[in-house]
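This report goes through one protein chain step by step. Please keep the sequence and the 3D view open while reading.

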Amino acid sequence: MTREAIYAAIPHRPPMLLVDEIVRQDEETIVCRKTFHADEYFFQGHYPDFPLVPGVILCEATMQCGAILLSKFAAEGKGVPVATRLSDVKFKKMIRPGDTIEMEVKLTERMADAFFMQGKATCAGKVAVRFDFACTLAPAPGA
C-alpha cells in the first residue's frame, strides 16, 4: 500500500512515522516494512561510532503497524489508538543503518475499546524484537 494509505490510517508523520509500506493485511493480522537510513535523527546520538536503532524505536515501529491494523475501528469515529501496555519484550538482534525490518502484528483479543496484540519485527529472517502490547482508542483531536 502507498504512503498515502498509511497517512490515511494513522496520524503519525515524519520524522516519527516508522512504517514505509504495508505488505499485507487481513482482519486480524498486518505485515509492514521499514528501512532505516543512515540519516535517521536518532543515529546522531545512538551511538555515533556504532549506530543502532534504539529498542524503543523498534517497538514504536511495530506498534504503528498495529495502529494501522486498528485504523478501521478509529474510522468508525471512536478515536486514535494509543499504547497502554507493553509486556514480555525481548530484543534478539541489533538493527543498523541500511537494515529493513518486517513487522507482523496479530490482534489476539478485543474487549470494548481495548485491543490486545502480539508483535514482532524481523530482519533477514531473524527476530529483532518480539512483545505483547495493548492499545485503547483515545478521543480523536478535535472530538
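A nonpolar core is a set of buried Ala, Val, Leu, Ile, Met, Phe, Trp, Tyr and Cys residues joined through side-chain atoms within 4.5 Å. Buried here means under 20% relative accessible area.

## The nonpolar core

The model discussed here is predicted. Its largest nonpolar core has 38 residues, and Phe36 and Ile101 are the ones with the most contacts inside it. At least two residues of this core come from each of β2, α2, β4, β5 and β6. Helix α2 gives the most, with 11 residues.

Strand β2 also holds Val31. Is Val31 buried or exposed? Val31 has a relative accessible area of 1%, so this residue is buried. Between the C-alpha atoms of Val31 and Ala128 there are 15 Å in space, and the two are 97 residues apart in sequence.

## Confidence in the model

The chain has a mean pLDDT of 94, and 94% of its residues reach 70 or more. Among its elements, strand β2 (residues 29-35) has the highest mean pLDDT, at 98. The lowest mean, 90, belongs to helix α2 (residues 55-78).

## Paired strands and their turns

Which strand pairs with β4 over 9 bridges? Strand β4 (residues 100-111) pairs with strand β5 (residues 114-123), and the sense is antiparallel. One bridge partner in β5 is Lys120, which belongs to Glu104. The hairpin of β4 and β5 has 2 residues between the strands, and Ala112 takes a positive phi near 55° there.

Strand β5 is also joined to strand β6 (residues 126-138), by 10 bridges, and these two strands run antiparallel. Thr136 in β6 stands opposite Ala114. This pair of strands forms a hairpin as well, with 2 residues between β5 and β6. In its turn, Ala124 has a positive phi of about 55°.

Ala124 lies in the loop between β5 and β6. Its relative accessibility is 75%, so Ala124 counts as exposed, because the cut-off for exposed is over 50%. From Ala124 to Val56 the C-alpha distance is 20 Å, and the two residues are 68 apart in sequence.

## Salt bridges

Side chains of opposite charge can pair when their charged atoms come close. How many salt bridges does a search of the whole structure find? The search finds 8.

One of them joins Glu27 and Lys72, whose closest N and O atoms are 3.4 Å apart. This pair links distant parts of the chain, 45 residues apart: Glu27 is in the loop between β1 (21-25) and β2, and Lys72 is in helix α2. Glu27 counts as exposed, at 58% relative accessibility, whereas Lys72 counts as partly exposed, at 27%.

Glu104, already met as the bridge partner of Lys120, also forms a salt bridge with Lys106. The closest N and O atoms of Glu104 and Lys106 are 3.8 Å apart. Glu104 is at 23% relative accessibility and counts as partly exposed. Lys106 is partly exposed too, with a relative accessible area of 38%.

Arg110 and Asp113 form another salt bridge, with 3.6 Å between the closest N and O atoms. Arg110 has a relative accessible area of 36% and is partly exposed. Asp113, at 30% relative accessibility, counts as partly exposed. Elsewhere, a network of salt bridges links Arg3, Asp20, Lys34 and Glu40.

## A nonpolar patch on the surface

Which residues form a nonpolar patch on the surface? Tyr47, Phe50 and Met94 do, and together they have about 320 Å² of accessible area. Phe50 sits in the loop between β2 and α2. With a relative accessible area of 37%, Phe50 is partly exposed. A residue needs over 30% relative accessible area to be part of a patch, and Phe50 has 37%, so it meets this cut-off.

Key
Residues are numbered from 1 along each chain as its sequence is written. This is a predicted model: local features need pLDDT of at least 70, side-chain atom pairs count only at pLDDT 80 or more; totals for chains, interfaces and linings use all residues. Side-chain values use heavy atoms; hydrogens and water are left out. pLDDT is the predictor's confidence in each residue, from 0 to 100. Helices (H or I, at least four residues) and strands (E, at least two) are DSSP runs, numbered from the N terminus. Patches are made of residues with over 30% relative accessible area and no salt bridge: like charges are joined within 9 Å, nonpolar side chains (Val, Leu, Ile, Met, Phe, Trp, Tyr) within 5 Å. Accessible areas come from the Shrake-Rupley method with a 1.4 Å probe; for residues, only the protein chains shown count as cover. A salt bridge is a side-chain nitrogen of Lys or Arg within 4 Å of a carboxyl oxygen of Asp or Glu. Buried means under 20% relative accessible area, exposed over 50%, partly exposed in between (1.4 Å probe, protein chains only). Two strands pair if DSSP finds at least two bridges between them.
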